[in-house]
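The following note sets out several points on the structure shown below. They concern side-chain contacts, one helix and one strand pairing.

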Amino acid sequence: MNNAAGRQPVLLVDVMDTLVVDPFTVSMYEHFGFTEHKDFLLAKDPDTWIPFELGNMSENTFWDNFFKDKRKVDVEKFGSYMRETYSWIDGMQDLMSELHSMGVEMHLFTNYPVWWKMVEEELCLSQYAEWSFISCQMHTRKPEPKAFLLAADRLGCMPSDCVLIDDRSSNCSGALDIGYLDALKFQSAKQTRQLLRKYFPTLTE
């Protein structure tokens with residue numbers, strides 16, 4: 001199924017918790033010595049992440065203020081932990097590979113800081129899709145309308161040419177609100193395959 005102009009849709013694919021396991025959601029609290037995720041959240045400064053993710057805060061400043069009590073962080077040890085934890089979500093590498101082999105235009109569209117480089121070094125996502133839209137480079141983030149419109153504008157297409165795949169409902173709603181052709185809320189590789197066959201009927205089951 002194509003858009004109204006008959007063009008095959010462009011896929012804008014989220015990265016963390018859509019393609020790649022996000023260490024923050026699985027075990028980061030344990031890395032920092034907490035037994036409960038909630039205690040980790042209470043200890044960290046809630047005002048550092050978004051500026052860092054937007055590229056408006058240096059990594060050194062981020063780490064200096066990561067915890068409310070200003071405790072020191074072993075950044076090298078943290079980097080090793082992140083690299084060991086990044087992994088493909090089950091079935092998503094196969095799906096991306098098949099879409100790429102079909103010639104589907106795909107771009108990575110992620111809210112993430114400079115750590116995206118570690119993800120790329122470990123998993124080489126760029127063999128399937130370009131790192132085209134990263135919040136720390138765009139200085140805007142999903143679900144801000146500006147982020148979705150900027151992505152379409154840089155691709156030289158209309159929002160109605162774009163399909164977003166993202167694990168967050170707020171991001172999917174934001175994409176639809178500014179006129180994206182569709183926004184598929186990621187739950188699993190199997191479910192995403194089923195939804196994508198609407199646009200790419202030769203995609204295997």
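1. In this predicted model, the ring of Phe 109 has the charged end of Lys 142 over it, 5.1 Å from the ring centre. A second arrangement of this kind involves Arg 71, whose charged end sits over the ring of Phe 67 at 4.4 Å from its centre.

2. The count of aromatic pairs comes to 30. One of them is formed by Phe 40 and Phe 66, with 6.1 Å centre to centre and 45° between the planes, and is tilted. This pair links distant parts of the chain, 26 residues apart: Phe 40 belongs to helix α3 (residues 37-43), while Phe 66 lies in the loop between α5 (59-64) and α6 (75-85). Phe 40 and Phe 66 are both buried.

3. Trp 116 and Trp 131 also form a tilted aromatic pair, at 5.1 Å centre to centre and with 40° between the planes. Because Trp 116 lies in helix α8 (residues 116-123) and Trp 131 in strand β3 (residues 130-134), the pair ties together parts that are 15 residues apart in sequence. Are the two residues buried or exposed? Trp 116 has a relative accessible area of 14% and is therefore buried, the cut-off being under 20%. Trp 131, with a relative accessible area of 13%, is buried as well.

4. Helix α7 (residues 92-101) has Met 92, Leu 95, Met 96, Glu 98 and Leu 99 as its buried residues. These residues lie on the same side of α7, because they cover an arc of only 165° around the axis. In general, an α-helix has 3.6 residues a turn, so residues three or four places apart point the same way. On the other side of α7, the exposed residues are Asp 94 and Ser 101.

5. Which elements cover the buried residues of α7? Among them are the strands β1 (10-13) and β2 (106-110), together with α12 (189-196). After α7 comes Gly 103, which has a positive phi, near 85°.

6. Strands β4 (residues 162-166) and β5 (residues 182-185) are paired in the parallel sense, over four bridges. Between these strands the chain passes through helix α11 (residues 169-177), and the resulting β-α-β crossover from β4 to β5 is right-handed. Within this pairing, Asp 166 has Lys 185 of β5 as its bridge partner.

Note on methods
Residues numbered from 1 in each chain as written. Predicted model: local features only at pLDDT ≥ 70, side-chain atom pairs only at ≥ 80, totals over all residues. Heavy atoms only, no water. Buried < 20%, exposed > 50% of the residue type's maximum accessible area, 1.4 Å probe, protein only. Helix = DSSP H or I, 4+ residues; strand = E, 2+ residues; numbered from the N terminus. Arc of directions from axis to C-beta. Contact = heavy atoms within 4.5 Å. Pairing = 2+ DSSP bridges. Right-handed = clockwise from strand over helix to strand, strands pointing away. Phe/Tyr/Trp six-rings, centres within 6.5 Å; stacked < 30°, edge-to-face > 60°. Lys NZ or Arg CZ within 6 Å of the ring centre and 35° of its normal.
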